Structures are given as structure tokens and as C-alpha cells.
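Please look over the points below with the structure open. They concern one helix and two backbone torsions.

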Amino acid sequence: MRILVTGGAGFIGSFLVDELIRRGHEVRVFDALLPQVHGDGGQPAYLSPKAELIHGDVRDREALGAALEGVEWVYHKAGAVGVGQSQYEIKHYVDVNIGGTANLLDLLVSSTNQVRGLVVAASMSSYGEGSYRCEGQKSCGVIRPPLRTLEQMAKREWEPLCPHCGAHLHPIPTDEEAAFHPNSVYAITKQVQEDLVVNFGRTYALPVASFRYFNVYGPRQSLSNPYTGVAAIFLSRLKNDQPPVVYEDGRQTRDFVSVHDVVQANLRALEQDWKGPLVLNIGSGEPRKISGIAETLAQVLGKEIAPDVTQTFRKGDVRHCFADISRARKALDFVPQVDFETGMRELIEWSREVEAEDRFDQAAGELKALGLL
């Protein structure tokens, strides 16, 4: 099958390209090759030479249209990534994530093509706070609390409270029925992107899937991009003998999933016979403390560097969010195969030969100057 992977020179996209080629597919990569993600070297060395590369931007309708010629399946992975940066580069994030997706869908409608399936990279960030269960005497049940107030955060009262009775809340897995409460420009653009694709699939009876990625980690994630995933940011600090900076008290949790498991989910979408839109969480289903991520990386690296737990906060951050993956298990027979410790060791081994320019202070300074930190 001839397959287009937008963003195919990136972190997740490139691993997907490798596996598609290994399975005998013809793969075309469409990627803007941005310096913030790929450095100044342009095409990354890890990109398979067996893939056809088109250097282009999803905002360029003509270039994207040319990339679609002869394609039977599309994996739409291109996008502007970074919660903090999105809060002050608003037009860029909207133009790339929403405008680029609109370009793709409009081309599928208005041009003759052979596309018979589309998978888009959505995001858990659109949920906002995760799901909780009230532990109070009133038994308020499952709760989706609002963002913690600035007053609460200033008092270092980090855990959300039940909005009905004020009792403590216990975090539970977040399933796909949970309403979206996006709290960043990035999260909003990913919500709209998903809505566009799902609406398109229903309107034109095209199999589409929206995969809500949780915190994906692994090799090839830029170690010099201060707006990439937290594991890569922590690793960049440690490689430069600096402590990873952890906000709040470090006990906030996220769901970390290996890039290899994410790729397997994408491949299963290609192999399964399904008709209606699939909307699925793609994560590990396991919550992990942020401070623990920093400690694990330091331990595997062999560096006695403790994280700097700042007891400060970033506006819009959520406390706990991890995936209920039961729907993906049922729809795709998706079961994560890479355990966390193995995945971290792979990331460390890869990083030993990779340059990591620590730009954390620069990014934190930008956030602070704009009142976001």
C-alpha cells in the first residue's frame, strides 16, 4: 500500500515510517524539517532512505496536494507541539494544527484521490484535568474537577478538591467519554483537529481514527527542544550535569508510553477492518510521578543529581491524568509491550551519542516574562 506520513521525519512519525517500510509498504514522508525539532542539519540521519521525502509545510496547500497523489492511506502526524510555547505563539499553533488539518481534509474532498483511511495524532492534553473519585462522606462519585485556582496553587495546596463537597479526590483512569476541558492553545488546537477529522469521517464514510496520545517517550525525541516531552527535557538537563526542574511538589502524575507501543497502535489501525470513527486513548494505563521520572533517568545515567523540586507552578498545569486504555484494547487488541524501565534504558543508550543543548532556562524565562510561570 502507498502511505503518506505527514510529520514522518519526526519522533513518532519516523518510527512509524520504519515499521511500515519493514512490512512492505511504499511510504512518502511530508515534513517541514523545522530547526526547533530537527536542528539545523535538515533531514535527520535516522530517516529511512527507502522513504520518499517531500520537504513541505502542511499550510502549503499546493505542496500537500502533490504529496497526496497516488496515496491510499494517510497518517497525519505533522503538528506544532508544546503546551507552554502555544500560549504565546498562538497564531502559529492554530495555523499549523487546525489550518494544516483543514488543508488536508479539504484536499481529500475537492480532489480525486485514492485515500481510504486516515489516522490523526490527537492529545490527552485536551482532557485538562483527569478523572477522579470523591473520597468524601457524600460519595459524589466520579468527578472532573476544574483547574486549580491561582489562590490554591499559591498556598501550595496541590491536590484538586471535590467541587461539590470539598473532600479529597482520588485520581482514576480517564476514559474517552470524559469531556474535554482544554487549558492551553495547544490543547484547544488538538481538540479542534480531532473534531474536524471525526466529522469528516462521518460525513464522507471514510474510516478515520483519532489517537489521543499520552506522554510518549523514546529515542529520536529532540533533546535540544525545550518544549518537547518531559522525559527528553529532563534527560537534556542531566546530560549537561544540571538538575531536572520539577514544578509543584513532584507528586503530580502522568501516563508515559513508549513510542514503540504507539507505533504498534497505528499499525493495528491499518490492519483492522472498521468503518466508523475510532477515538482511542493510547497510553500505558499506568500513572507515574514526575519527580520519579527524573530520579529514574538520573539513576540509569549513573548521575547523582537529584531533581530540583521548586514548589512553584505553571499556569494551566493539571495535577493527574492517566489513560483508561480498555477501548483501545478491545478495538485494536492494543496491549503495551515496553515496560517503563526497559524504555528508559533504551532512551538513555540512544542519548549517549546525541548532542543535547540545554535550553530549559531560556524557555522558562520566556514563560516567566509572560506571566505564565
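Which elements do the buried residues of α7 pack against?

1. The model is predicted. In it, the buried residues of α7 pack against two helices, α4 (83-86) and α5 (90-110), and against the strands β4 (73-76), β5 (118-123), β9 and β13 (278-282).

2. The residues of α7 that make up this buried set are V185, Y186, A187, T189, K190, Q193, E194, V197, V198, F200 and G201. Charged side chains are among them, including K190 and E194.

3. The length of α7 raises no objection. With 20 residues at 1.5 Å a residue, α7 should span 28 Å, and its end C-alpha atoms are 29 Å apart, so the two values agree.

4. Just after α7, the backbone at A205 takes a positive phi of about 55 degrees, although A205 is not a glycine. A205 sits in the loop that links α7 (185-204) to β9 (208-213). Its relative accessible area is 68%, so A205 counts as exposed, the cut-off being over 50%.

5. R220 also deserves a look: phi is near 80 degrees, a positive value in a residue other than glycine. R220 belongs to the loop between β10 (215-217) and α8 (230-239).

6. Is R220 buried or exposed? With a relative accessible area of 17%, R220 is buried, because the limit for that class is under 20%. In short, A205 is exposed, whereas R220 is buried.

Notes
Residues numbered from 1 in each chain as written. Predicted model: local features only at pLDDT ≥ 70, side-chain atom pairs only at ≥ 80, totals over all residues. Heavy atoms only, no water. Helix = DSSP H or I, 4+ residues; strand = E, 2+ residues; numbered from the N terminus. Buried < 20%, exposed > 50% of the residue type's maximum accessible area, 1.4 Å probe, protein only. Expected span 1.5 Å × (residues − 1). Contact = heavy atoms within 4.5 Å.
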